[in-house]
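Colleague: I have a few minutes before my next run. Can you walk me through this one?

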Amino acid sequence: GTPLAGQKLTIRLKDAGVAKGLTWDGVFRAVSTTLPTTTTASKTIYIGCIYNATNSKWDVLAVAIEA
C-alpha cells in the first residue's frame, strides 16, 4: 500500500551465518545515521524508519546491530 506521513517501519535483518551485501533503494534516506552496506554474520540488525510524505522518502533514523 501507500505509506502515510509519519508511518513507522522497522526492518529486521539476519543472515544465514555468512555476511551478505546490502543495497538500498533511493526511497531510503539516512538521517543522522549510516545505512548498513553488509550484514554481520549471524547477527541481527534493526533499522528504524519514519515516512516523510513531503519528500516521499523513508527517513532512516536508527540502525542497531546485535553485539
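Modeller: Sure. One term before we start: two strands count as paired if DSSP finds at least two bridges between them. Also, keep in mind that this is a predicted model.

Colleague: Fine. How many helices and strands does the protein have?

Modeller: The count is 0 helices and 4 strands. Along the sequence the pattern reads β-β-β-β.

Colleague: And in what order do the strands sit in the sheet?

Modeller: The order is β1-β3-β4-β2, in an open sheet with mixed pairing. β1 and β2 are at the edges with a single partner strand each, so one side of each has no neighbour in the sheet. From one strand to the next, the twist averages 35 degrees.

Colleague: Let's take the pairs. What joins β1 to β3?

Modeller: 7 bridges do. β1 covers residues 8-14, β3 covers residues 44-52, and the two run antiparallel.

Colleague: Which residues should I click on to see that?

Modeller: Try L13, whose bridge partner in β3 is I45. Then go to K14, which stands opposite T44 in β3.

Colleague: Now β3 and β4. How many bridges there?

Modeller: 8 bridges, again with strands that run antiparallel. β4 is residues 57-65. For a landmark, I47 stands opposite V63 in β4.

Colleague: What links those two strands?

Modeller: They form a hairpin, with 4 residues between β3 and β4. S56 is in that turn.

Colleague: What is notable about the backbone at S56?

Modeller: Its phi is positive, near 55 degrees, and S56 is a residue other than glycine.

Colleague: Is S56 buried or exposed?

Modeller: In between. S56 has 42% relative accessibility, so it counts as partly exposed. The cut-offs are under 20% for buried and over 50% for exposed.

Colleague: Where else does a non-glycine residue have a positive phi?

Modeller: Look at S42, with a phi of about 65 degrees. S42 sits in the loop between β2, residues 28-30, and β3.

Colleague: And how accessible is S42?

Modeller: Its relative accessibility is 41%, which makes S42 partly exposed.

Colleague: Switching to the surface. Which residues make up the nonpolar patch?

Modeller: V31, I50 and L61. Together they have about 200 Å² of accessible area.

Colleague: Where is I50 in the fold?

Modeller: I50 lies in strand β3.

Colleague: Then why can I50 be part of a surface patch?

Modeller: Because I50 has a relative accessible area of 31%, which makes it partly exposed. Patch residues need over 30%.

Colleague: Got it. What about the surface of the whole protein?

Modeller: About 4,400 Å² is exposed. Carbon and sulfur atoms supply 54% of that area.

Colleague: How much of the chain is buried?

Modeller: Buried residues are 22% of the 67 residues.

Colleague: And the overall dimensions?

Modeller: The C-alpha trace spans about 40 × 25 × 20 Å along its principal axes.

Colleague: Last one. What share of the contacts comes from residues far apart in sequence, 24 or more positions?

Modeller: 54%, counting contacts with a separation of 6 or more.

Colleague: Thanks. I'll start with the hairpin and S56 in its turn.

Modeller: Good place to begin. After that, go over to β1 and follow its 7 bridges to β3.

Methods
Residues numbered from 1 in each chain as written. Predicted model: local features only at pLDDT ≥ 70, side-chain atom pairs only at ≥ 80, totals over all residues. Heavy atoms only, no water. Patch = residues over 30% accessible without salt bridge, like charges linked within 9 Å, V, L, I, M, F, W, Y side chains within 5 Å. Areas by Shrake-Rupley, 256 points an atom, 1.4 Å probe, with all protein chains shown as cover. Salt bridge = Lys/Arg side-chain N within 4 Å of Asp/Glu carboxyl O. Buried < 20%, exposed > 50% of the residue type's maximum accessible area, 1.4 Å probe, protein only. Contact = heavy atoms within 4.5 Å. Axes fitted to C-alpha atoms, helices over the stretch in contact; angles between N-to-C directions.
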